[in-house]
Amino acid sequence: MSEHRHGEYKVLGGKLVVADLDVLEGRLANVSISGDFFLEPDEALADINAALNGLSAEASHAEYSAAISAGLAADVVLFGFSADAVAVAVRRALAKATGWLDHHWQVIGPQALPIHLNVALDEVLARRVGEGKRPPALRLWDWDEPSVVIGSFQSVRNEVDPDGAERHGVTVVRRITGGGAMFMEHGNAITYSLYLPQTLVDGLSFEASYSFLDAWAMAALKKVGVEAFYQPLNDIATPEGKIGGAAQKRLASGSMLHHVTMSYDIDADKMTDVLRIGKEKISDKGISSATKRVDPLRRQTGLSRTEIITTMMDTFKDRYGAVEAGVSEEEMAAAKELAATKFATDEWLNRVP
């Protein structure tokens, strides 16, 4: 007995691709690809359908895309879509890939927490999504103590000046995602985390997934007068300079953590007193001074940090039908335990000395 499936995918900046198909004994059958794209010659649409018919319903995105490409003549031209886009629509039809609106999103507003607890919550909430114990969510961070949050693979001694950290009372903690160090004083940055299933980025390269997951944030920044864009791989910038960066961690449970820190009103002199920002990193950005690497949002917008955060939360809610929620008592308890047994330990902090 066959099972009919339907999936849709809107290409970023492109056209809608729709996949209708049956699954018969574990294989694709009666595949029909449609949409508002353009394709030359017309007969190539039948070739796309033929390339997919008979493939396993458990095939990967890459396998579907490769089969489509192999089934098309060299002179076929696809306008507004691609073999990858068709593969995403097929995977969505099979419930292997999802869109934003396939999920019931939550927005967790800022709550001042110790920095160890913030990074622990990231791991706990991401794992809960993968375990099916909570819906995906956006969480805005808040904190009181001055902190440096280093990337999972960074060296403590190479990134942090211990004398500067002691002088300014800075707490240093290691997170589970890669990327660079974040200097965070109370009120000087805007940090958010997304906890989501990996099905949302199915078919996207690592690089493409960054800008895809932050498209709503770029729209929110535009509302407050900031024209932000991505600089590969994970820097967020404006014509005035860099404002922040993103990092990710994909978990074996099928969920992932994506988070971003943007500078709001950073003290660049203090930052360079605490962080060891090397000449190699500065030269890579094509600038002469570390103090010029960031251009805070306060100067660019003239708005309070709270106003910007409110705009971001409202934009996310409007786009994805998200509802405001909080962290449960069980989640908070689990995060406190993880903070004490992992993130606040010297063993974790110095795992890369």
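**Surface patches, backbone features and salt bridges**

Phe38, Val77 and Phe79 make a nonpolar patch of about 280 Å² on the surface of this predicted model. Of these residues, Val77 is placed in strand E5, which covers residues 77-79. Val77 has a relative accessible area of 36% and therefore ranks as partly exposed, the limits of that class being 20% and 50%.

A second surface patch carries negative charge and is formed by Glu40, Asp42, Glu43 and Asp47. Asp42 belongs to the loop that runs between strand E4 (38-40) and helix H1 (44-52). With a relative accessibility of 57%, Asp42 is classed as exposed. Glu40, one of the members of this charged patch, also takes part in a cis peptide bond, which connects it to Pro41 with omega of about -5°. Pro41 is likewise located in the loop between E4 and H1.

Another cis peptide bond is found between Pro232 and Leu233, where omega is about 0°. Leu233 sits in the loop that separates strand E12 (229-231) from strand E13 (235-238).

Strand pairing and backbone torsions are considered next. Strands E2 (residues 16-24) and E3 (residues 27-35) are paired in the antiparallel sense through seven bridges. Within this pairing, Ala19 lies opposite Ile33 of E3. The hairpin formed by E2 and E3 has two residues between the strands, and Glu25 in this hairpin adopts a positive phi near 50°. A positive phi also occurs at Asn30, a residue other than glycine, with a value near 55°. Asn30 is part of strand E3. The relative accessibility of Asn30 is 59%, so this residue counts as exposed.

Ala95 provides a further case of a positive phi in a residue other than glycine, the value being near 65°. Its location is the loop between helix H3 (83-93) and strand E6 (106-108). Ala95 is classed as exposed because its relative accessibility is 60%, a value that lies over the 50% limit for that class.

Charge pairing between side chains was then examined. Side chains of opposite charge can pair when their charged atoms come close. With a cut-off of 4 Å between a side-chain nitrogen of Lys or Arg and a carboxyl oxygen of Asp or Glu, the model contains 17 salt bridges. One of them is formed by Asp202 and Arg91, whose closest N and O atoms are 2.7 Å apart. Asp202 is in the loop between strand E11 (189-197) and helix H7 (206-213), whereas Arg91 is in helix H3, so this salt bridge ties together parts that are 111 residues apart in sequence. Both partners fall under the 20% limit that defines a buried residue. Asp202 is buried at a relative accessible area of 14%, and Arg91 is buried at 13%.

Asp273 and Arg167 form another salt bridge through their side chains, with an N to O distance of 3.0 Å. Because Asp273 lies in helix H9 (residues 268-274) and Arg167 in helix H6 (residues 162-167), this pair ties together parts that are 106 residues apart in sequence. The accessibility of the partners was also evaluated. Asp273 has a relative accessibility of 26% and counts as partly exposed, while Arg167 has a relative accessible area of 51% and is exposed.

A salt bridge is also present between Glu240 and Arg299, in which the closest N and O atoms are separated by 3.6 Å. This pair links distant parts of the chain, 59 residues apart: Glu240 is located in the loop between E13 and strand E14 (241-250), and Arg299 in helix H11 (residues 297-301). Glu240 and Arg299 are both exposed. In addition, Glu123, Arg127 and Lys342 are joined into one network by salt bridges that share partners.

Note on methods
Residues are numbered from 1 along each chain as its sequence is written. This is a predicted model: local features need pLDDT of at least 70, side-chain atom pairs count only at pLDDT 80 or more; totals for chains, interfaces and linings use all residues. Side-chain values use heavy atoms; hydrogens and water are left out. Patches are made of residues with over 30% relative accessible area and no salt bridge: like charges are joined within 9 Å, nonpolar side chains (Val, Leu, Ile, Met, Phe, Trp, Tyr) within 5 Å. Accessible areas come from the Shrake-Rupley method with a 1.4 Å probe; for residues, only the protein chains shown count as cover. Lys and Arg count as positive and Asp and Glu as negative; His and the chain ends are not counted. The place of a charge is taken as NZ of Lys, CZ of Arg, CG of Asp or CD of Glu. Helices (H or I, at least four residues) and strands (E, at least two) are DSSP runs, numbered from the N terminus. Buried means under 20% relative accessible area, exposed over 50%, partly exposed in between (1.4 Å probe, protein chains only). Two strands pair if DSSP finds at least two bridges between them.
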